[in-house]
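Here are my notes on this model. Please read them with the structure open.

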Amino acid sequence: MLSIAGIVLALVLPQDPPLPAAEPKAPTAYDPLAVAEGDATSLTLSFRDERRDRTIPVRVYLPAATTPAPVIVWSHGLGGSRDNSPYLGTHWSKRGYVCVFLQHPGSDEAVWRDAPLRERMGALRAAASMANLRLRCEDVGKALDQIALWHADDQHELHGRLDLERVGMCGHSFGAQTTQCVGGQSAPLVGARFRDDRIDAALPMSPAPPARADVRKAFGDVRIPWLLMTGTHDGSPIDDRDPATRREVYPALPTTIDRYELVLHEAEHSAFADVPLRGETKARKATHHRSILALSTAFWDCHLRGDAAARAWLHGDDPRRVLDAEDLWQRSAGKRPQ
């Protein structure tokens, strides 16, 4: 969450028209909410980046099968930790993914936890900096380097467990900005280009365009599928970013990629997280997490596994069956140059 990134652009980009109403069809056999029985397992790990004098805590959620599995990397929001949003790691791992939940020093829970109550908001605003965004993006690249080493180490618990040819990236809020940068967005004020070509699909929750940049140019070089998730009341607790700002990303993405947008009705910023934020007033809906899990899982199955049934589900009528009537769902299949 960057306070300087919350300025609403003067140019209001046109939105894609809503999908036309279609005749109801029978649901497909594919079910993104079905999971394997049993408890999810996880590992508490960390790794050291000596060059940056930085230790990165990690929680890894593991599927039951021990054969190599696709990887999903998660980046928490401002003031969060590797232990946030376990509902995501639990579900995705039960769907057969290794989920690597990072914790970013400098913009994690340590920013506010030991600060006096009256100083916490100021500490969070100070941590929402370009310097910390740069560190977060570097954390992602270093994490992919590290899990490759663990995968190759026959003495490590993750030996042989990772399919590093199939990697997804996801994050919420500040983690969404991290996801956007490593997923192909340009961010001029960060001072570097952080796209990581090892990432095959990106899912920013509560996205936002970068400040002081042409929004079309910022997203014009994205090359992989993106799924955006936000809410009709998805504002920001620390700056002036509003739901309209978050909606500027989808129409700015290239038409050459598969792109998707979910807007949850009445959802506030914390709808994608575990608990409400101070000051939020809308009642949390149990259906929100169900919708997030269903659409995210189908997205990963389609774009990391190449699952034809998942693609048919995602591009057909079935998503409406897991959404509330007022939720907005739109998609656009990539149009390859002739």
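1. A residue counts as buried here when its relative accessible area is under 20%. Keep in mind that the model is predicted.

2. Start with helix 5, residues 174–182. Nine of its nine residues are buried, so the rest of the structure largely encloses this helix. The buried set runs through Phe174, Gly175, Ala176, Gln177 and Thr178. It continues with Thr179, Gln180, Cys181 and Val182.

3. Look just past the end of helix 5. Gly184 has a positive phi there, about 125°.

4. Now the sheet. It is open and built from nine strands, ordered 1-2-4-3-5-6-7-8-9, with mixed pairing. Strand 1 (41–49) and strand 9 (328–332) are the edges, and each pairs on one side only. On average, neighbouring strands are turned by 20° against each other, direction ignored.

5. At one edge, strand 1 runs antiparallel to strand 2 (residues 54–62), and nine bridges join the two. Within this pairing, Thr41 stands opposite Leu62 of strand 2.

6. Which strands does helix 5 touch where it packs on the sheet? The contacts are with strand 3 (69–75), strand 5 (162–172), strand 6 (201–205) and strand 7 (226–233). The direction of helix 5 makes about 135° with that of strand 5.

7. Helix 9 (residues 286–303) also packs on the sheet. Helix 9 touches strand 3, strand 5, strand 6, strand 7, strand 8 (259–268) and strand 9. Its direction makes about 170° with that of strand 8.

Terms used
Residues numbered from 1 in each chain as written. Predicted model: local features only at pLDDT ≥ 70, side-chain atom pairs only at ≥ 80, totals over all residues. Heavy atoms only, no water. Buried < 20%, exposed > 50% of the residue type's maximum accessible area, 1.4 Å probe, protein only. Helix = DSSP H or I, 4+ residues; strand = E, 2+ residues; numbered from the N terminus. Pairing = 2+ DSSP bridges. Axes fitted to C-alpha atoms, helices over the stretch in contact; angles between N-to-C directions. Contact = heavy atoms within 4.5 Å.
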